[in-house]
Amino acid sequence: MAQDEFRNEVTTDEKSDVLEELGRRQSPDCPTLYSDSGPPDGGRQAWATAFGSFLIQFCGYGYLNSFGVYQVSVRWIGALGFFLTASVTLISGRLYDRGCFYHLMIVGSLLQSLSLFALSFAKPGQFYMIFVLQGILSGLGVGLTFGPSMAVISQHFSKRRTLVMAVVAAGSPLGGISHSIMLNRLLNGTVGFAGGVRASAGLVSALLLIACLSMRTRALSTPTSSFSKVARKCSREVPFILMTAGTTLSQIGFFFPTYYLQLDSIKHGIDVQFSFYLIAILNAASAVGRCTAGIIAGYTGLLNLTIASITACSVIILSMIALNNIFGAVAIGIAYGYVAGTYISLLIPLVAILTPDLSELGARMGICFTFTAFGALLSE
């Protein structure tokens, strides 16, 4: 009996020493809580965080997905926004691993809001101002919030992780629907460019505020491995390398329909007013694809569904060559939106599955998306 009590006492002391050591490693500027329990797979806090993450996607990538409503001459700025959003994840992912989640959400949300309000003061022909505000400032803001808002889902869900991440990712196309319709109506109506962009900025700012108030982190310890060690581990893992290379190549043509489906439809004589809604149709189908991807992946397997969906994307993009009527345009918008939504919603769960230590998830997301960012930039 005495030996058992002594053994329990020693074990308790060892646990206390470990917790004290973790506390000493914790960054003073970015505090992180700790917990011995695993993800609860539900609960009020978990679903509130998922809702906040959904709003982040709605306002971030959702706005970038609606960039096709702007003039063709500045659409390359949208490609720059996608590039920065993905590449900045290299920084935001590592900061997330170190416990700076709330700092990233606040700073990123402020950058998005300020860039949109400032964009409303741009005059025709001031491409340098649009470049700085919408291309750089907004891209940085979305990049700071995108990766961490998705990675935080892994703190709250385990068995449901793929399904919840897929549903959260649906915020992006739903945002694309709302923003594209809103901007089309406002920019081409009586409100004009300045008033339309300010109205859009007000909506985005309010939703980002709700998102920041909704999301909460759980207890993950600060990673003991440095970024260089994580990078070296990734460089030795063949599945991670192949996944990153394949995703990078796919991004080169992935956004082609988002940018040019509306333009191609108009050039083929389809009604201009109806063509404005093609991006909304594409994003609506994408939302359905993202919501159902997690369910289908449970039967087919995550990797199998990823390969099948990106293959279908390639076939549909090639079919745009035959676009010549309104029915073809709608069919392409629906079909491509669905398979593209399915594919893109599976990328982060795929990175999570290839991450044996979830305390390195942010860094691995950053490494992967930095490479894929160059593919998105080449899409223009």
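A helix here is a DSSP run of at least four residues, and helices are numbered from the N terminus. By that rule, Gly-195 lies in helix α10, which covers residues 192–214. The model is predicted.

Stay with Gly-195 for a moment. Its relative accessibility is 26%, so Gly-195 counts as partly exposed. Now look for Phe-121. Gly-195 and Phe-121 are 74 residues apart along the chain. Their C-alpha atoms are separated by 9.6 Å.

Next, turn to the empty space inside the protein. Rolling a probe the size of a water molecule over the atoms shows where empty space is left. Here the count comes to 2 cavities of 30 Å³ or more.

Start with the largest cavity. It holds about 400 Å³ of space. Its lining is made of 29 residues. Closest to the centre are Tyr-61, Phe-254, Phe-255, Arg-290 and Ile-344. Several helices give two or more residues to this lining, among them α3 (61–65), α4 (75–87), α7 (127–151) and α12 (238–254). Further along the chain, α15 (278–300), α17 (326–345), α18 (347–353) and α19 (361–377) are also on that list. Which element gives the most to the lining of the largest cavity? The answer is α17, with 5 residues. What about the chemical classes? The lining of the largest cavity has 17 nonpolar, 11 polar and 1 charged residues.

Now find the second largest cavity. It holds about 50 Å³ of space. Cys-59, Gly-60, Tyr-63, Leu-64 and Gln-112 are among the residues that line it. Leu-116, Gln-134, Ser-138, Val-142 and Val-204 line it too. Three elements give two or more residues to this lining: α3, α6 (101–119) and α7. Of these, α7 gives the most, with 3 residues. By class, the lining of the second largest cavity has 6 nonpolar, 4 polar and no charged residues.

Cys-59 lines that second cavity, and it leads to a new topic. How many disulfides does the structure hold? It holds 0. A disulfide needs two cysteine sulfur atoms within 2.5 Å. The closest cysteine sulfur to that of Cys-59 is in Cys-212, at 9.7 Å, so the two are too far apart for a bond. Cys-59 is buried, because its relative accessible area is 2%. Cys-368 can be read in the same steps. Its closest cysteine sulfur is in Cys-234, at 9.2 Å, which is too far for a bond. Cys-368 is also buried, because its relative accessible area is 1%.

Last, go to helix α5, residues 89–97. An α-helix has 3.6 residues a turn, so residues three or four places apart point the same way. Which residues of helix α5 are buried? They are Thr-89, Ser-92, Gly-93, Arg-94, Tyr-96 and Asp-97. Pick out Ser-92, which is found in this helix. Why does Ser-92 count as buried? Its relative accessible area is 0%, and buried means under 20%. What does Ser-92 touch? Leaving aside neighbours within four places in sequence, Ser-92 is in contact with Leu-104, Gly-143, Leu-144 and Pro-148. Finally, follow the chain out of the helix. After α5 comes Gly-99, whose phi is positive, near 95°.

Key
Residues are numbered from 1 along each chain as its sequence is written. This is a predicted model: local features need pLDDT of at least 70, side-chain atom pairs count only at pLDDT 80 or more; totals for chains, interfaces and linings use all residues. Side-chain values use heavy atoms; hydrogens and water are left out. On a 1 Å grid over the protein atoms alone, a cavity is a set of points where a 1.4 Å probe fits but cannot get out, and a pocket is an open set with protein on both sides within 12 Å along at least five of seven lines; lining residues have an atom within 4 Å of a point. Grid points are joined across faces, edges and corners, and a volume is the space filled by probe spheres set on the points. Ala, Val, Leu, Ile, Met, Phe, Trp, Tyr, Cys and Pro count as nonpolar, Asp, Glu, Lys and Arg as charged, and the others, Gly among them, as polar. Buried means under 20% relative accessible area, exposed over 50%, partly exposed in between (1.4 Å probe, protein chains only). Contact means heavy atoms within 4.5 Å.
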